[in-house]
Amino acid sequence: MSGRLLKLLGCAVLLVAAGACSRQKEEPKQGSQAATGASTAPAKVKLALNWVPEPEFGGFYAARESGAFARHGLEVEILGGGAGAPVPQMVATGKAEFGISGADEILVARARGLDVIPLFAVYQTSPHAIMAHASRGAKNIADVLSSGTVALEPGLSYVAFLKKKYSFDKVKVVPYDGGVARFLADKDFAQQCFITAEPIAAKRQGATPTVFLVAEEGFNPYIAVVITRRQYWEAQPERVKSFVAAVREGWRTYLDNAGPTNAVMGKLNTTMDAETFAAGAEAQKPLIETEETRARGLGTMNHQRWEQLAQQLVELDLIEKAPAADEFLLPEFTGSRD
């Protein structure tokens, strides 16, 4: 989707948590209210999305609508995003306690000094893809990039990866405009896409796209990753854990029955009809729930993939140095090193 690579700057400004003791200069650890006998009203936090309400965020809305957030003592305001939404800097500067970003964006943000750390990865397989008309007979992305025209957004890390791998010498590259109109009009036109959006829109309008995941080419960052700032984690570890637990419950609810949550998101995003919401929710299931998540839980992450991605970003000149995974991964959310 358009506008997902963010150009980020900022410094962390710690928000005062709801119900915190006003005499303390630093935000107290969660549990201090119980120790002092104060009321235990739900903690109000904000979750900043990096795009508009669509199936990729279904589990977060399901956590709110099903009461999972409330059961974990949270009142969550979900902030819709859009093209260029500066989510990492919003989180790093305290404008939102939590946000959604891509693993590649997180590493770039950290390289630029932003205090952001990952907690939960929705997509185990990246939903970023290239789609072409089936009539071209392409078998893979290499075939797609061997002729015709392809619309890509400059600056995206996976575009840089594909350019390095295939050079783009045999294909005309034009800017991606965020829609499917040109795709529908030109059989030799291919474009970037998000598996839950553009291919479905094209099919609904009579086209027959073939979709090739960039992950199959060897570039597979976690996508729709929940982030917070380390300073907030250190001040409110139990609250962060509760948020992640509620998110996991929300995604289980959404994967099992997306309909009720889709109806809620449909009122917030009227550009997508009910059938498209349903199709998107179904298309993304195998990218979210895998053998690893069935063994270790939805949202799981591991060191090896983060380290591999960091090295790839160095090779693409998107960051200067690959950080050690232990610098930004918390064992509470990644388990043992593997």
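This is a short dialogue on reading cavities and buried residues in a predicted model.

Biologist: Let's start with empty space. How many cavities of 30 Å³ or more does a search of the whole structure find?

Modeller: A cavity is a spot where a probe fits but cannot get out. Here the search turns up 2 of them at 30 Å³ or more. The second largest has a volume of about 40 Å³.

Biologist: Which residues line that second largest cavity?

Modeller: Among them are A151, P175, Y176, D177, F189 and Q191. Helix 8 (181-185) and strand 8 (189-194) are the elements that give two or more residues to this lining. Helix 8 gives the most, with 3 residues. Sorted by class, you get 7 nonpolar, 2 polar and 2 charged residues.

Biologist: On to H303. Is H303 buried or exposed?

Modeller: Buried means under 20% relative accessible area. H303 has 5% relative accessibility, so H303 counts as buried. You'll find H303 in helix 15, which covers residues 303-315. Its C-alpha atom is 6.0 Å from that of A325, although the two residues are 22 apart along the chain.

Biologist: And E97, where does that one lie?

Modeller: In the loop between helix 4 (87-92) and strand 3 (98-101).

Biologist: Which side chain of opposite charge is nearest to E97, and how far away?

Modeller: A salt bridge needs a nitrogen of Lys or Arg within 4 Å of a carboxyl oxygen. For E97 the nearest candidate is R229, 5.6 Å away, and E97 is buried yet has no salt bridge. The E97 side chain does reach the backbone nitrogen of K46, at 2.7 Å.

Notes: Residues are numbered from 1 along each chain as its sequence is written. This is a predicted model: local features need pLDDT of at least 70, side-chain atom pairs count only at pLDDT 80 or more; totals for chains, interfaces and linings use all residues. Side-chain values use heavy atoms; hydrogens and water are left out. Helices (H or I, at least four residues) and strands (E, at least two) are DSSP runs, numbered from the N terminus. Buried means under 20% relative accessible area, exposed over 50%, partly exposed in between (1.4 Å probe, protein chains only). On a 1 Å grid over the protein atoms alone, a cavity is a set of points where a 1.4 Å probe fits but cannot get out, and a pocket is an open set with protein on both sides within 12 Å along at least five of seven lines; lining residues have an atom within 4 Å of a point. Grid points are joined across faces, edges and corners, and a volume is the space filled by probe spheres set on the points. Ala, Val, Leu, Ile, Met, Phe, Trp, Tyr, Cys and Pro count as nonpolar, Asp, Glu, Lys and Arg as charged, and the others, Gly among them, as polar. Lys and Arg count as positive and Asp and Glu as negative; His and the chain ends are not counted. A polar contact is a pair of N or O atoms within 3.5 Å; within protein, one must be able to donate a hydrogen and the other to accept it, and residues adjacent in sequence count only if both atoms are side-chain atoms.
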